[in-house]
Each structure stands twice: as structure tokens, then as C-alpha cells.
Amino acid sequence: HSLYGGNREMSKYTVHQIKIDFHVTEQICRFVYVYIIEGKSLFMIDSGVFGCEKQIIDYLNTIGRSVSEIRGIFLTHAHPDHIGSAAWFQEHTGCKIYASEGEKRWIEDIDLEFRERPIPNFYRLAGRSSRVDVVIRDGDVIKPEEGMEIEARRTAGHSCDGISYLLEDSLFIGDAVPVKGDIPIFIDEQEIRKTLGILGEMQDVNVFYPAWDQTYSREMMKRKLFEADEFINLLKKTVTDLDNPENAGEQKSISELVDAVCDRLKMPMLKANPLFQTTIGCLR
């Protein structure tokens with residue numbers, strides 16, 4: 001099994017990477033990775049968008065496993081492309097859902113999430129609310145089956161209380177690291193910087209599994225963390241320059257500031273993105 005392919009064998013487990021394509025709008029096509037940990041039973045890291053359960057079931061059939069063997073879903077955070085099919089799997093398999101306290105309120109009430117973080121096609125992606133069976137905190141060690149230990153590491157910033165999950169030498173990081181060339185989405189500058197530091201200091205991890213990018217080796221992760229830090233610094237400097245009344249007269253509204261940042265950095269496609277507005281807002 002290739003490190004950068006769909007699967008990777010550990011000493012006791014195999015990790016399967018399933019790419020879920022979806023549309024935010026008719027024009028905007030995105031994807032997210034769902035991971036299956038194959039041990040005696042099956043465990044999912046995140047659940048993709050609403051309606052992707054058939055793709056996951058079909059994949060399980062190709063490796064000779066059954067959806068009925070899924071015992072748990074470990075959610076990194078509460079955004080629609082990560083929680084969308086969780087309710088379906090919970091109802092049809094009886095599996096437990098694991099998530100942090102801070103993300104639980106949106107997972108269990110997607111109407112609340114829509115009010116607080118509206119995005120296009122929200123319900124088509126998020127599906128239905130689901131029940132969090134086990135609340136996870138930083139440092140918790142979960143033993144979902146005999147011999148398996150999964151440790152929780154808090155990696156917030158992209159979301160309010162994001163969690164990464166450590167199994168042996170592999171860390172599932174969700175969207176914890178902003179990817180150069182993609183939309184930088186985070187809600188708290190201090191938290192995202194803290195997360196980059198935490199990930200950079202983790203000497204016990206050799207493989208990183210992000211939700212929005214290929215699998216990273218430790219060396220590649222160092223580069224990704226450096227690039228993310230550089231990009232956050234560039235955004236911060238640009239916001240500070242453009243938002244300074246001494247330089248630009250009266251302080252700008254958030255929409256004016258976003259437009260100015262996009263113009264300065266030649267990223268016009270992000271002007272109308274409400275999630276990018278949140279990123280810029282937390283850098284003021």
C-alpha cells in the first residue's frame with residue numbers, strides 16, 4: 001500500500017482514504033476525504049457530506065467488509081462536509097459518535113449551525129443533526145475496541161474546538177492546517193497559530209491525514225506548516241496595512257476590508273465568500 005495512495009497498513013490496522021466529491025454551488029466543486037480505520041471492527045474519521053453513505057458502503061464492499069461493522073465515527077469538527085452522513089450511519093449501524101464539547105452544539109443542532117455559519121446549500125451538505133455519544137477532550141485516550149488506542153489532540157482555530165486523532169504513528173487532522181493555494185478558513189488567529197505549533201512539535205507522528213489534501217509525511221508536514229504560517233503572516237500584514245486609519249483614512253467595514261485584501265493579494269474569487277470574511281475579521 002502506498003503512503004500517498006488510498007490505503008496504508010500500520011502494524012495492526014489499515015487506513016483507507018475515500019475521496020468524496022461535492023458541490024458547494026453549481027460552479028464550486030470541492031472534495032473531502034473520509035478515512036476508514038480497519039481493525040477487528042471499522043471506525044470512520046469524519047463522515048463526508050449528506051448522501052455519500054452509498055459511496056462509503058460500496059467501497060467497504062470492495063474490501064470485503066460490511067457497513068454493519070462500523071462501530072464509531074470520530075468527528076474532527078462540525079462543518080457540513082464532515083458531519084453530513086453521520087446521522088445515517090448512527091441510525092443504521094448503532095455506531096457511537098465521538099466529538100468535542102465545543103463542536104457538539106452544532107453537530108446536535110444543525111439549525112443552530114446554519115444560523116451562526118450560513119453557507120450555500122448548507123442542508124444539502126449537512127443533512128441532519130446527530131447525537132454525540134462520547135464527548136472528547138484534549139489528551140483523552142479512547143479504546144473503541146480491544147487493543148486499539150486513539151488519543152485526542154485539540155487542534156482548534158479552523159473551528160472552535162477541533163480535534164485531531166492519533167492512532168499509533170498516524171494523526172488525522174481534519175482541516176486543522178490552512179493549505180497554501182486554497183481558501184484560508186479559520187476563526188481565531190491565536191488558536192490557529194497555537195495549532196500549527198502543536199502539530200510541529202509532535203515527534204511521535206510519522207504520517208498526517210488531512211481532510212483537504214494528500215497524505216503528508218513528517219517532512220512534508222513541516223513544509224505545509226511553514227507555508228501556512230507564512231500565509232497567515234501575509235494575510236495579517238495585509239489586513240494591518242489596509243485597516244490602518246492613518247494609511248487609509250476612515251476604518252473600513254468588513255466587506256470593504258475583504259475587497260481591499262483580495263485586490264491587494266490578487267484573490268478576487270474570495271470577495272463574496274462569507275467564510276473568508278470570518279478569516280479576515282479575526283485578523284483585524
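**Pockets, cavities and ring pairs in a predicted model**

About 180 Å³ of space lies in the second largest pocket of this structure, which is a predicted model. Of the 16 residues that line this second largest pocket, those closest to its centre are His79, Trp106, Arg117, Ile187 and Thr278. The briefing below takes up the open and enclosed spaces, then the aromatic rings, then helix α3, and finally a few individual residues.

**Pockets**

- Two elements, α4 (101–107) and α11, give two or more residues each to the lining of the second largest pocket.
- Sorted by class, the residues that line the second largest pocket are eight nonpolar, four polar and four charged.
- The largest pocket has a volume of about 820 Å³, and its lining is made up of 37 residues, of which Arg30, Asp182, Ile183, Ile185 and Asn273 lie nearest the centre.
- At least two residues of the lining of the largest pocket come from each of α2, β11 (170–174) and α11 (274–282).
- The lining of the largest pocket divides by class into 24 nonpolar, six polar and seven charged residues.

**Enclosed cavities**

- Rolling a probe the size of a water molecule over the atoms shows where empty space is left.
- The model has three cavities of 30 Å³ or more, and the largest cavity has a volume of about 50 Å³.
- Which residues line the largest cavity? They are Thr76, His77, Thr155, His158, Ser159, Gly162, Ile163, Ile173, Gly174, Asp175 and Ala176.
- By class, the lining of the largest cavity holds three nonpolar, seven polar and one charged residue.

**Aromatic rings and the charges over them**

- The model contains 14 aromatic pairs, and one of them joins Phe31 and Tyr33, whose ring centres are 5.4 Å apart and whose planes stand at 65°, an edge-to-face arrangement.
- Phe31 counts as partly exposed because its relative accessibility is 23%, whereas Tyr33, with a relative accessible area of 12%, is buried.
- Phe74 and Tyr98 form a stacked pair, because their ring centres are 4.1 Å apart and their planes meet at 10°, an angle that falls under the 30 degrees needed for stacking.
- The pair of Phe74 and Tyr98 links distant parts of the chain, since Phe74 belongs to strand β5 (residues 70–74) and Tyr98 to strand β6 (residues 96–100), with their positions 24 residues apart in the count along the chain.
- Are Phe74 and Tyr98 buried or exposed? Both Phe74 and Tyr98 are buried.
- Ring pairs also join Phe22, Phe31, Tyr33, Tyr35, Phe172, Tyr209 and Trp212 into a cluster.
- Two rings of this cluster have a charged group over them: Lys19 lies over the face of Phe31, at 4.5 Å from the ring centre, and the charged end of Arg30 sits over the ring of Trp212, 4.2 Å from its centre.
- Arg30 therefore appears in two parts of this briefing, as it is also among the residues that lie nearest the centre of the largest pocket.

**Helix α3 and its surroundings**

- Helix α3 (residues 86–93) is mostly covered, with six of its eight residues buried.
- The buried residues of α3 are Ala86, Ala87, Trp88, Phe89, Gln90 and Thr93.
- These buried residues pack against β4 (42–45), α1 (53–62), β5, α2 (80–83) and β6, so that the packing partners include β5 and β6, the strands that hold Phe74 and Tyr98.
- Gly94, which follows α3, has a positive phi, near 75°.

**Individual residues**

- Glu116 lies in helix α5 (residues 110–116), and it counts as partly exposed because its relative accessibility is 42%.
- Leaving aside residues up to four places away in sequence, Glu116 touches Arg105 and Trp106, and Trp106 is also one of the residues closest to the centre of the second largest pocket.
- The C-alpha atoms of Glu116 and Gly162 are separated by 17 Å, while the two residues are 46 residues apart along the chain.
- Glu168 has a positive phi, near 50°, although this residue is not a glycine, and its place is in the loop between β10 (163–167) and β11.
- With a relative accessible area of 32%, Glu168 is partly exposed.
- Lys266, which is likewise not a glycine, has a positive phi of about 60° and is found in the loop between α10 (254–265) and α11.
- Lys266 counts as exposed because its relative accessibility is 69%, a value over the 50% that marks an exposed residue.

How values were computed:
Residues are numbered from 1 along each chain as its sequence is written. This is a predicted model: local features need pLDDT of at least 70, side-chain atom pairs count only at pLDDT 80 or more; totals for chains, interfaces and linings use all residues. Side-chain values use heavy atoms; hydrogens and water are left out. Rings of Phe, Tyr and Trp (its six-membered ring) pair if their centres lie within 6.5 Å; planes under 30 degrees apart count as stacked, over 60 as edge-to-face and the rest as tilted. Buried means under 20% relative accessible area, exposed over 50%, partly exposed in between (1.4 Å probe, protein chains only). Helices (H or I, at least four residues) and strands (E, at least two) are DSSP runs, numbered from the N terminus. A charge sits over a ring if NZ of Lys or CZ of Arg is within 6 Å of the ring centre and within 35 degrees of the ring normal. On a 1 Å grid over the protein atoms alone, a cavity is a set of points where a 1.4 Å probe fits but cannot get out, and a pocket is an open set with protein on both sides within 12 Å along at least five of seven lines; lining residues have an atom within 4 Å of a point. Grid points are joined across faces, edges and corners, and a volume is the space filled by probe spheres set on the points. Ala, Val, Leu, Ile, Met, Phe, Trp, Tyr, Cys and Pro count as nonpolar, Asp, Glu, Lys and Arg as charged, and the others, Gly among them, as polar. Contact means heavy atoms within 4.5 Å.
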